[in-house]
Protein chains: 2
Amino acid sequence: MRLSTRGHYGLKAMFDLAQHYGTEPIPLKSVAVRQNLSEHYLEQLIARLRKAGLVKSVRGAQGGYILAREPGKITVGEIIRALEGPIAPVDCVKEVEPKECNQADYCISRIVWTRVRDSIAEVLDSISLADMCRDAEKIHHQNRDFDQKRGG
Amino acid sequence: MRLSTRGHYGLKAMFDLAQHYGTEPIPLKSVAVRQNLSEHYLEQLIARLRKAGLVKSVRGAQGGYILAREPGKITVGEIIRALEGPIAPVDCVKEVEPKECNQADYCISRIVWTRVRDSIAEVLDSISLADMCRDAEKIHHQNRDFDQKRGG
DNA sequence: GGAAATCCGAGTATTTTAGTATGAATTGAA
DNA sequence: TTCAATTCATACTAAAATACTCGGATTTCC
């Protein structure tokens with residue numbers, strides 16, 4: 001029940017772009033440095049995100065990537081699906097093209113996995129990049145206040 | 001975001017044992033036939049379940065496996081954790097021994113994965129084998145009624 | 001004793017993961 | 001116009017995980 005690094009790293013990258021939304025295109029190299037990820041590997045991930053229409057690229061010097069829509073209009077669910085494919089604890093309950101199983105009529109575990117799938121999707125689809133940015137702001141302030149109290 | 005066959009098949013096996021709860025020990029071979037799984041592979045899965053205290057074994061001829069507790073007292077969550085380890089979309093939010101990450105203080109995606117983890121756990125921990133047996137009964141009746149109406 | 005089972009450890013083909021490597025194409029700026 | 005920064009594309013690969021199979025030892029009912 002584990003995400004691969006594609007979804008894990010890809011979300012970090014998209015969050016990074018969200019935090020710089022509204023400025024110039026962000027080169028992947030700077031994302032890689034800030035998020036401590038391999039630049040070459042990130043290239044492959046961002047390619048999927050571009051093909052899914054979630055980011056736009058600007059080629060050449062001073063180029064980079066920008067979100068295709070404002071952060072409030074991109075959900076974590078879209079990002080994860082673009083990177084990892086349809087959400088599905090098991091293949092027979094995939095969101096699209098579920099794999100047919102000859103026991104489908106009476107398979108009870110299917111009911112369990114459908115509920116798990118829906119519960120995951122509900123969480124992921126309810127969180128936007130803008131939400132994450134707000135969380136980041138909050139934590140930033142908390143940390144600052146904490147440091148001040150300690151006399152830092 | 002996918003379960004391995006361990007959790008997938010293991011739950012089917014436990015459900016099979018639940019449906020036969022209260023009778024003699026059930027040999028793995030019959031479980032394998034009914035659920036259409038490899039017997040040898042099931043052996044490995046049931047070993048984990050036994051070590052986790054979810055099933056008891058009876059060795060020798062006429063032996064087999066029985067649930068260690070009544071079906072209402074065994075949740076899907078326990079079964080999945082026994083087979084797949086702690087629930088964790090990513091390692092840094094594992095239910096036990098989360099893997100430390102040097103960005104933990106300000107990593108926002110962690111918040112997302114914690115919510116996903118909790119949401120999965122809530123579903124799995126809320127479903128018992130007895131619940132699954134009830135669902136099976138319901139579906140069985142539905143199918144029978146449907147067949148009758150069709151004049152089967 | 002023999003058959004039916006569990007128990008145990010080793011082996012293995014395939015797939016997935018998590019990248020690396022190489023280089024071509026594009027474009028802003030000096 | 002050249003250079004450097006950047007995206008884009010494809011191929012490759014080491015390591016790990018997956019999903020088993022295999023062989024045999026042990027236990028126990030009949």
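Guide: A residue is near a molecule or strand if one of its heavy atoms lies within 4 Å of that partner. The model is predicted, so local features need pLDDT of at least 70 and side-chain atom pairs count only at pLDDT 80 or more, while totals for chains, interfaces and linings use all residues. Residues are numbered from 1 along each chain as its sequence is written, chains are lettered from A and ligands numbered from 1 in the order in which they are written, and side-chain values use heavy atoms, with hydrogens and water left out.

Visitor: What percentage of the atoms of DNA strand D within 4 Å of the protein belongs to sugar or phosphate?

Guide: There are 25 residues around DNA strand D, and A:Ser57, A:Tyr65, B:Thr5, B:Ser38 and B:Gln44 come nearest. Of the strand D atoms within 4 Å of the protein, some belong to bases, but the share of sugar or phosphate is 65%.

Visitor: Which elements of chain A and chain B give two or more residues to the surface near DNA strand D?

Guide: The polar contacts (N or O atoms within 3.5 Å; within protein, one atom must be able to donate a hydrogen and the other to accept it, and residues adjacent in sequence count only if both atoms are side-chain atoms) include a side-chain N or O atom of A:Tyr65 at 2.7 Å from a phosphate oxygen of DNA strand D. A base oxygen of that strand is 3.1 Å from a polar side-chain atom of A:Arg59. Elements are DSSP runs numbered from the N terminus, helices being H or I of at least four residues and strands E of at least two. Those giving two or more residues here are, in chain A, helix H3 (39–51), strand S1 (55–58) and strand S2 (64–67), and in chain B, helix H1 (5–19) and helix H3 (39–51).

Visitor: How far does a polar side-chain atom of A:Gln44 lie from a base oxygen of DNA strand C?

Guide: Among the 24 residues around DNA strand C, A:Gln44 is one of those that come nearest. A phosphate oxygen of strand C is 3.1 Å from an N or O atom in the side chain of B:Arg50. For the side chain of A:Gln44 and a base oxygen of strand C, the distance is 2.5 Å.

Visitor: How much area do chain B and chain A bury between them?

Guide: Contact means heavy atoms within 4.5 Å, and 41 residues of chain B are in contact with 40 residues of chain A. Buried area is the accessible area (1.4 Å probe) that two parts lose on being put together, summed over both. Carbon and sulfur atoms carry 65% of it, and the total is about 3,600 Å².

Visitor: Which residue forms a salt bridge with A:Asp91?

Guide: A salt bridge is a side-chain nitrogen of Lys or Arg within 4 Å of a carboxyl oxygen of Asp or Glu, and the interface of chain B and chain A has two. In one of them, the closest N and O atoms are 3.4 Å apart, and the partner of A:Asp91 is B:Arg2.

Visitor: What is the relative accessible area of A:Ser109?

Guide: A:Ser109 is found in helix H5 (residues 109–126) of chain A. Not counting residues up to four places away in sequence, A:Ser109 touches B:Leu11, B:Lys12 and B:Met132. Buried means under 20% relative accessible area, exposed over 50%, and partly exposed in between (1.4 Å probe, protein chains only). A:Ser109 is buried, because its relative accessible area is 3%.
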